[in-house]
Structure formats: C-alpha cells, structure tokens
Amino acid sequence: MTYPIIKSGRPTRRQALAGMGAAAGGAALAIGAPGILRAQESALVVVSGGGVYEEAIRKAVIDPFQRETSIKVTYVSPAEEAKIKAQVDSNNVQWDVVELSRPAFRPDAHKYLEEIDYGAFDKETLDNLLPEAKAKYAVGSYVFSTVMGFSTAEYPADKPRPRSWAEFWDTSKFPGPRSLRACANGDPTTVEFALLAAGVPKDKLYPIDFDKAFMSLDRIKPHITKFWTDGAAVNQLLSDRQVALASAFNGNIEYLKAQGAAVDYQWDEGELSALHWVVLKGAKNRDAAMRFVAYQANAQAQARLNNLIFYGPLNRAAFKYIEPKIAAKLPTAPENIDKQFFRNLAYWGAQSSSGKSNIEVLVERWIKWVAS
C-alpha cells in the first residue's frame with residue numbers, strides 16, 4: 001500500500017508503505033523461524049497485493065522464507081476471491097496460499113479452503129497470536145484500523161476535539177462537514193460507528209441492531225458531505241479542508257501527516273480489521289503452504305513486515321522487534337489495541353434469518369437508505 005494515492009476501496013495494503021521503510025531505520029531483526037523444516041517442494045504459489053506491498057512482503061517474509069526453507073515461491077497479484085471459487089469448482093487449483101479476509105468466514109468455507117494445520121506452528125507463535133488471528137480456515141496476516149480523522153486546521157491542538165463517535169455525531173458541539181465510508185461494497189464500519197454513536201458499548205456491537213444503526217445514521221446524514229468508497233477520496237477531503245472530520249484508514253492519515261498535511265487522528269473506538277492467509281482446497285503444495293502461513297505468523301517475520309507498513313502485527317511478540325517510534329503508530333500496539341474493537345468477520349459471513357448473509361442484508365439496506 002503506497003499511500004500517496006489509494007486506488008482501491010479497501011485499506012490498501014499497497015498503500016501503507018513509503019516513508020515507513022526509511023522511518024524503520026533499518027531495525028536489525030533476526031531471521032530465524034523455529035519449527036520450519038527445510039524441504040524442497042514444487043514452487044509454492046503465493047497470492048496477494050502488488051505494488052509497494054509486494055515489495056515489502058518479498059523483503060520481509062517471502063525472501064527470508066525461501067532462504068530458510070529452500071522452498072521456491074512464485075508470487076502472483078492481485079488476490080481475487082472469485083478466482084478461489086472458480087479454481088476449486090473446476091478442479092484446476094493453480095494457487096496455494098492467498099491473502100484475503102472474508103472467504104475463510106463464509107458458511108461454505110469448508111468447500112474451498114483447507115483447515116489450517118496448527119501443528120506446523122511453533123509454540124511461541126501460537127501462544128502470542130491474538131485470538132482473531134487463529135481461525136479454522138485462516139491465519140491472520142496483519143491488521144488495519146479505521147479511525148476518526150480530523151483537520152488540524154479546523155481542530156487545532158488548543159481546541160476540543162471529538163473523542164468518540166457519539167461526539168462525532170454531536171454537530172452542535174463539534175461543528176463542521178463530515179465524511180463516512182459507504183457500506184455499498186459491504187464494508188460495515190459506518191454501521192458499527194453509528195451504533196457506538198447511539199450508545200452501544202464497543203463490546204456489545206454484535207449482533208448488529210440494523211434498525212438502531214440506521215436510526216442513528218438518519219441523524220448524521222444531513223451533515224455528511226460525501227460517503228467515500230476510496231481511501232484517496234477521504235484523504236483529499238481532509239487535506240483540502242472540504243470536511244473537518246471523517247472516518248479514515250490509520251495508515252493513510254499517518255502518511256498525510258508525514259507529508260505535512262494538516263490532519264491527525266485518534267485511536268478511540270477505531271475498528272480493527274484483520275487480513276488473513278488461506279490455503280486453497282486441493283492446493284498442489286499444501287504442506288509448503290502450511291509452512292508458509294506458520295512462518296509469516298512468527299514474531300520476527302511479522303515485525304519485519306510491520307517495520308515497513310503502518311498496519312499492525314497479530315503476533316504480540318512482534319513488538320519486541322519493532323522500533324518504539326513505529327510501534328506507537330500501529331493499531332495493535334499495546335497502548336492502542338484496547339481502545340478499539342475488532343470487526344466480527346464470522347458474523348458478517350454468517351447467514352441471517354432471511355437466508356442472505358449479514359453483509360448482503362447490510363448492502364441492501366444501505367442502498368435503500370441512501371436513496372431515501
């Protein structure tokens with residue numbers, strides 16, 4: 001995620017690099033990875049994002065993995081959920097391991113993904129992985145956060161700033177135009193923030209009360225300049241002072257700050273979203289794929305990656321190897337993580353009483369609500 005311009009609606013992993021490499025100051029990290037066997041197999045096909053993210057993951061994870069295991073890796077981009085289904089359904093699986101999120105939490109995950117072999121993980125890694133990283137069909141990769149950003153021109157340090165979504169909703173106390181992320185593509189952050197604004201505690205958000213959420217959204221709708229779908233759009237809105245307050249990706253705001261833009265953010269009630277590695281059902285290199293997902297989860301591999309990007313590791317021990325000045329800017333740092341909440345991927349992938357997934361219910365309601 002090179003962040004100058006974010007070209008995709010999701011927090012672009014391709015966007016959170018640039019600037020961080022230099023900031024990392026070349027932290028010296030050991031490359032060792034306990035429990036990884038040195039065995040040569042056919043080339044392992046690893047699929048994820050391109051651009052700057054590809055550069056980072058090659059340097060931090062893939063190249064060390066190849067050196068330490070003698071397993072050759074072929075890297076493919078981009079990762080597309082639809083291609084997982086197509087390859088498995090046609091019995092022509094070309095990919096081995098893919099970095100995505102939702103596929104592992106769908107009701108039909110067992111048809112398309114292998115169960116993760118946690119026997120391939122060393123004990124230290126397993127003990128230090130956050131619970132959100134350990135799923136039946138997926139292993140956590142990293143975490144990004146959607147946070148409350150603000151214009152420091154409109155809200156300088158000597159002026160009170162909103163510290164909660166309830167205060168974001170309070171347009172009389174905290175005036176100024178706002179922006180929130182659209183839910184039309186299935187992203188639920190704005191609905192979660194609406195519930196927080198309505199007084200729902202962050203540990204009681206699920207199951208989602210859609211009626212309450214949309215009643216809350218009715219209150220803020222007149223003050224929204226734009227419901228954004230692309231990270232670049234909200235960056236522009238904030239830096240150009242078209243809005244005073246907005247939800248935004250933590251890495252993007254951090255990048256804008258580094259470029260001298262008059263923006264900042266705060267972690268309170270931010271939404272943590274985890275990306276995961278999955279292994280395709282029938283993968284030609286299943287054993288090597290399990291070694292890879294175990295390797296990328298160890299503390300040193302995660303630290304190398306997150307010394308280069310503004311998103312956070314899911315292995316708590318990684319912070320032993322991340323420079324303190326960088327750690328303070330990462331969503332899963334000890335001082336930041338407890339202020340936030342995790343998106344419940346299992347809930348959004350589950351079927352509702354209507355037979356549709358909760359994500360589908362959200363999208364349908366959102367489209368009707370925006371048009372009303």
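In the predicted model, the second largest pocket has a volume of about 240 Å³. Its lining is formed by Glu81, Arg102, Arg106, Pro107, Asp108, Trp348, Gly349, Gln351, Ser357, Ile359 and Glu360, and these residues divide into 5 charged, 3 polar and 3 nonpolar. Two helices, H15 (345-349) and H16 (358-371), each supply at least two residues of this lining.

Two residues were examined individually, beginning with Phe150, which is found in strand S4 (residues 139-151). Phe150 counts as buried, because its relative accessibility of 3% falls under the 20% cut-off. When neighbours within four places in sequence are left aside, Phe150 is in contact with Tyr155, Arg161, Leu238, Ala244 and Leu245, as well as with Ala262, Val263, Asp264, Tyr265 and Gln266. For one of these partners, Asp264, the C-alpha atom is separated from that of Phe150 by 5.6 Å, although the two residues are 114 residues apart along the chain.

The second residue, Asn315, is found in the loop between strand S9 (312-313) and helix H13 (324-327). With a relative accessible area of 1%, Asn315 is likewise buried. The side chain of Asn315 reaches the backbone oxygen of Ala297 at 2.8 Å, and Ala297 also appears among the contacts of Asn315 beyond four places in sequence, which further comprise Thr125, Asn128, Leu129, Asn298, Ala299 and Gln302.

Methods: Residues are numbered from 1 along each chain as its sequence is written. This is a predicted model: local features need pLDDT of at least 70, side-chain atom pairs count only at pLDDT 80 or more; totals for chains, interfaces and linings use all residues. Side-chain values use heavy atoms; hydrogens and water are left out. Helices (H or I, at least four residues) and strands (E, at least two) are DSSP runs, numbered from the N terminus. Buried means under 20% relative accessible area, exposed over 50%, partly exposed in between (1.4 Å probe, protein chains only). Contact means heavy atoms within 4.5 Å. On a 1 Å grid over the protein atoms alone, a cavity is a set of points where a 1.4 Å probe fits but cannot get out, and a pocket is an open set with protein on both sides within 12 Å along at least five of seven lines; lining residues have an atom within 4 Å of a point. Grid points are joined across faces, edges and corners, and a volume is the space filled by probe spheres set on the points. Ala, Val, Leu, Ile, Met, Phe, Trp, Tyr, Cys and Pro count as nonpolar, Asp, Glu, Lys and Arg as charged, and the others, Gly among them, as polar. A polar contact is a pair of N or O atoms within 3.5 Å; within protein, one must be able to donate a hydrogen and the other to accept it, and residues adjacent in sequence count only if both atoms are side-chain atoms.
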